[in-house]
Amino acid sequence: MTLNSTRYVLRETAHSMKRNPWLSIASVLTVMVSLVILGFSVFFLANASNMAKSFESQLEIATFLQSSVTPAQVQALQSQIQGMPGVASVTVVTKDQALIDFGKTMGGAQSNLVTDLGGTNPFPDKLTVKATDPQNVKALADEVSTLTGVDKVRYGQGYVDKLLKFTQWLRWIGLGVVAAFAIAAIVLISINVKMNVFSRRREIQIMKLVGASNSFIRWPFLIEGLALGLVGGALASSIVGVGYNWIINYVQSTLTFLPVVQNIILFRQVTGGLLLAGMAMGAVGSGLSLQKFLRA
């Protein structure tokens, strides 16, 4: 493209936006609204996945040992379980530590508790086992329960399956929300761009009649779509960024039990992605919508 052609394209792009200010504003608002919805849905998916991981990370297998097991056997069992495939960590909780922890919850001294309990410590030694994959908790618990020296195993039987199903549904709902709003954004932008091109069909036909090439006709529309998409993406990025920061502060001050994603890298990726997505949607939408008129 020559210098004169570049000047013409830029001049026509500016004139087009001036001639159709309301349509340009409508295009910007369409891109902005679509990307705001999409941006918040991406953060919803990130938080849904984070919440699912938080729930799953709390799953553990409580392995209670027989009273006859010696400290050396406890250490041997810990090493044996740690060597099993699918085991993330094994923590020893001795009977003395269990009594101290119980005393803290009851607000009493350990010596008083031993006296109140008949002079003996009723708590067994325990191994707390965490799996690398929450889906394998049941199978791992079954395997641990067969080891010599293990009295019983508890891992929340009856609740683990329900929790895993819930976290799986949480992830699928997050993906569904992102997909639904992504499709809605594409449809809205496509309709808006087609209206824009349709309103200028005579201008396109005249340019074709005087011998303008398809690429020469296409460039002003592509640049205009790119510019409008850039503005819409920048507005969406600002709204999503400020809005998500407000949500984080609100949740941390009122709903402290909810885990909220505060990853600065994800934050920059989403806001930067919205800016690029706005430009791409505007340019690609303009190019695709022109095809019908350029073939005519």
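Hi everyone, this is a short walk through one protein structure, from the overall layout down to a few single residues. Please keep in mind that what you have in front of you is a predicted model.

Let's start with the whole protein. It holds 10 helices and four strands. If you follow the chain from its beginning, the elements come in the order α-α-β-α-β-α-α-β-α-β-α-α-α-α. There are 296 residues in the protein, and 36% of them count as buried. On the outside, the exposed surface comes to about 17,000 Å², with 64% of that supplied by carbon and sulfur atoms.

How do distant parts of the sequence meet? Take the contacts between residues at least 6 apart in sequence: 84% of these join residues that are at least 24 apart.

Now to a pair of helices. Two packed helices are described by the angle between their axes and by the distance between those axes. Our pair is α8, residues 201-209, and α9, residues 214-254. Their axes come within 10 Å and cross at roughly 150 degrees. Angles over 145 degrees count as roughly antiparallel, so α8 is roughly antiparallel to α9. As for handedness, the crossing of α8 and α9 is right-handed.

Which residues make the contact between α8 and α9? From α8 we have I204, M207 and K208, and from α9 we have N214, F216, I217 and F221. Sorted by class, that contact has five nonpolar residues, one polar and one charged.

Let's stay on α9 for a moment and look at L226, which lies in this helix. Is L226 buried, exposed or in between? Its relative accessible area is 31%, so L226 is partly exposed. Setting aside neighbours within four places in sequence, L226 is in contact with M279, G282 and A283. There is also S286, 60 residues away from L226 in sequence, with 8.6 Å between the two C-alpha atoms.

Next, please find helix α10, which spans residues 264-295 and includes G273. G273 counts as partly exposed because its relative accessibility is 30%. What I'd like you to look at here is G39: G273 and G39 are 234 residues apart along the chain, and their C-alpha atoms are separated by 8.9 Å.

My last stop is a loop. P85 sits between α3, residues 71-82, and β2, residues 87-93. With a relative accessible area of 68%, P85 is exposed. Try finding A131 from there: P85 and A131 are 46 residues apart in sequence, and 9.0 Å apart in space from C-alpha to C-alpha.

That's the tour. Thanks for listening, and feel free to turn the model around while we talk.

Note on methods
Residues numbered from 1 in each chain as written. Predicted model: local features only at pLDDT ≥ 70, side-chain atom pairs only at ≥ 80, totals over all residues. Heavy atoms only, no water. Axes fitted to C-alpha atoms, helices over the stretch in contact; angles between N-to-C directions. Helix = DSSP H or I, 4+ residues; strand = E, 2+ residues; numbered from the N terminus. Parallel < 35°, antiparallel > 145°, perpendicular 65-115°, else oblique. Left-handed = near helix turned anticlockwise from the far one by under 90°. Contact = heavy atoms within 4.5 Å. Nonpolar A, V, L, I, M, F, W, Y, C, P; charged D, E, K, R; others polar. Buried < 20%, exposed > 50% of the residue type's maximum accessible area, 1.4 Å probe, protein only. Areas by Shrake-Rupley, 256 points an atom, 1.4 Å probe, with all protein chains shown as cover.
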